[in-house]
Amino acid sequence: MLVHPLTPADHDLLDAAVRLFRATEVADHTPFLADPASIAFVALEEGRVIGWAWGVRQRHAAGYSQVQLYELAVARTSRRRGVGRALLTAFRDLARAEGHRRMWLFTDQGNTAAKALYASEGGEPSPHDDAGYWWQL
């Protein structure tokens with residue numbers, strides 16, 4: 001498995017991920033891929049998308065920058081093999097390398113697998129939201 005950061009040249013990979021995880025078609029991914037706030041990774045196995053993680057860079061009103069991991073998903077047939085952990089790690093490592101102070105996300109309250117992953121990777125449950133997690137970078 002390979003975790004690949006998406007660049008403006010990766011229209012086809014983002015398209016495959018959007019079709020797989022969102023079951024929708026997008027005519028042109030350029031606005032997302034070219035936006036400096038966008039962050040996206042795909043997990044590939046034998047050239048096939050099996051997972052994705054995407055989010056945004058944000059400037060906080062308190063003067064620091066942070067990233068929000070908006071969505072992380074793994075194809076059902078590829079779960080429980082470390083794909084989600086690899087995507088989360090790549091996202092967090094990029095945030096650290098870019099000098100962001102925090103990373104955060106929300107998940108569904110009933111998503112016990114996701115919550116266990118986030119807690120095992122150092123995510124601290126949000127004191128404000130039942131399904132939010134924060135990382136101090």
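**Exercise 1. Identify which residues have the most contacts inside the largest nonpolar core of this predicted model, and which elements supply that core.**

Solution. In this predicted model, the largest nonpolar core has 21 residues, and those with the most contacts inside it are L87, L88, F91, Y118 and W135. Turning next to the elements, at least two residues of this core come from each of β2 (38–45), β3 (48–59), β4 (65–74), α3, β5, α4 and β7 (132–136). Among the contributors, α3 gives the most, with 6 residues. A second core, separate from this one, has 14 residues, including L6, A17, F21 and A40. Finally, for W135, the residues touched beyond four places in sequence include L88 and Y118, together with R92, R101 and R102.

**Exercise 2. Decide whether H100 is buried or exposed, and find its side-chain polar partner.**

Solution. Begin with the location: H100 lies in the loop between α3 (83–97) and β5. Its relative accessibility is 10%, and because buried means under 20%, H100 counts as buried. The side chain of H100 then makes a polar contact with the side chain of S65, at 2.9 Å. Apart from residues up to four places away in sequence, H100 touches R57, S65, Q66, V67, A95 and L137.

**Exercise 3. Locate Q109, classify its exposure, and determine which residues it contacts beyond its sequence neighbours.**

Solution. Q109 sits in the loop between β5 (102–106) and α4 (112–120). With 44% relative accessibility, Q109 falls between the 20% and 50% limits and therefore counts as partly exposed. Once neighbours within four places in sequence are set aside, Q109 is in contact with K115, D130 and A131. As for A131, its C-alpha atom is separated by 5.1 Å from that of Q109, although the two residues are 22 residues apart along the chain.

Note on methods: Residues numbered from 1 in each chain as written. Predicted model: local features only at pLDDT ≥ 70, side-chain atom pairs only at ≥ 80, totals over all residues. Heavy atoms only, no water. Helix = DSSP H or I, 4+ residues; strand = E, 2+ residues; numbered from the N terminus. Buried < 20%, exposed > 50% of the residue type's maximum accessible area, 1.4 Å probe, protein only. Contact = heavy atoms within 4.5 Å. Polar contact = N/O pair within 3.5 Å; in protein donor to acceptor, adjacent residues only side chain to side chain. Core = buried A, V, L, I, M, F, W, Y, C linked by side-chain atoms within 4.5 Å.
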